[in-house]
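Student: Please take one part of this model and go through it closely, with the cut-offs stated.

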Amino acid sequence: MKKIAVLTSGGDSPGMNAAVRAVVRKGLYLGLEVFGIYRGYTGLINGEIKKFDLGSVGDIIHRGGTMLHSSRSEEFKTEVGQLKAIDQLKTHGIEGVVVIGGDGSYRGAQKLTEHGIATIGIPGTIDNDIPGTDYTIGFDTALNTIVDAIDKIRDTAMSHEKTSVIEVMGRDAGDLALWSGLAGGAESIIIPEVPIDIDGIVERIQKGTERGKKHSIIIVAEGVASAEEVVEQIQTKMNLEPRVTTLGHLQRGGKPTGFDRVLASRLGAYAVELLSGNQAGLAVGIEQNKLVHHSFDEVLGKPHQINRNMFELARQLSI
Ligand code: ADP
Ligand code: F6P
């Protein structure tokens, strides 16, 4: 293995830059030639590939987003698109690729592996929904952004004695809603993994009112319903005028936390160690603070699980 490349793909996440930096610097440290591929699989197909040196990744460790840019490529899902990408890699003599992204990007990485390119995946998504790792890069930053927003909304909800419904990201996974709901002291948390219980939510609001509490926070993951839809459902059961906030893309931006930078640095370097040892077809992760790797088949074959005890704890603490 002499030449490797790195790309970022799918939804961006804070800490992706720190991971790119780690891949490039660890590769150069080991004496490899390292290339940056711009715009994910789209850029790979189009040959947006540049040789990197130490300075190419200077001054990015603290920045959100990804300096390599990201994309979603329908073309790469086709055999024709994949063959174009392989041609580009062959033209540059690149034998190994590090893909930083979510589960969709991992499916693409698996295709590269099947076409004979040694590929390693690094979990980069705010959703924390990739099996085989306790945390994905960007989750901690997004969590803290959401908690900060909940705290601010709580101040005004308390002052005006209102209920607030806050919609957070998570199309298929409830980790952001669950963790931020627990950390923000939400009365109710609605996530894709647990059937929605409007009667239970209404009961909690009413119990709170009975003990003199006039404001409450409800967190909903976007994959279940919009904040407006939750309000409509509550209003079929009780007379209430909740405030609504959809946090949207601000959850994906911002400078990465120290935790995400450390995680990204460790995973980036580990991915290169595996590649340089001629190991491939693997997704790296962290389990109980130890670096681990699993095959793409294993990671993609498992459903994402939420921590049910945490969900129950949040319910118990918000009575
Ligand atoms: P994420 O990686 O954040 O989950 P996506 O699901 O949008 O984001 O996937 C990112 C990109 O990965 C897609 O736009 C596509 O180019 C590629 N990809 C996803 N699924 C496949 C697949 N089954 N085969 C090949 N490429 C795929
Ligand atoms: O990256 C994952 C994610 O943040 C999901 O939680 C969300 O549904 C999706 O990306 C939205 O991405 P976009 O608006 O770029 O399609």
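Student: Why does ligand 2 lie between domain 1 and domain 2?

Tutor: This is a predicted model, in which local features need pLDDT of at least 70, side-chain atom pairs count only at pLDDT 80 or more, and totals for chains, interfaces and linings use all residues. Residues are numbered from 1 along each chain as its sequence is written, chains are lettered from A and ligands numbered from 1 in the order in which they are written, and side-chain values use heavy atoms, with hydrogens and water left out.

Ligand 2 lies between the domains because domain 1 (3–138 + 256–300) and domain 2 (141–253) both give residues to its shell; the bounds come from an automatic or database domain assignment. The shell residues, with a heavy atom within 4 Å of the ligand, are Gly11, Arg72, Ile126, Asp127, Met169, Gly170, Arg171, Glu222, His249 and Arg252. By class they are 2 nonpolar, 3 polar and 5 charged, where Ala, Val, Leu, Ile, Met, Phe, Trp, Tyr, Cys and Pro count as nonpolar, Asp, Glu, Lys and Arg as charged, and the others, Gly among them, as polar.

Oxygen atoms of ligand 2 have polar partners in the protein: a side-chain atom of His249 at 2.7 Å, a side-chain atom of Arg252 at 2.9 Å, and a backbone atom of Gly170 at 3.1 Å. The cut-off for such a contact is a pair of N or O atoms within 3.5 Å. Alone, ligand 2 has 400 Å² of accessible area, and the protein covers 80% of this, by the Shrake-Rupley method with a 1.4 Å probe.

Methods:
A polar contact is a pair of N or O atoms within 3.5 Å; within protein, one must be able to donate a hydrogen and the other to accept it, and residues adjacent in sequence count only if both atoms are side-chain atoms.
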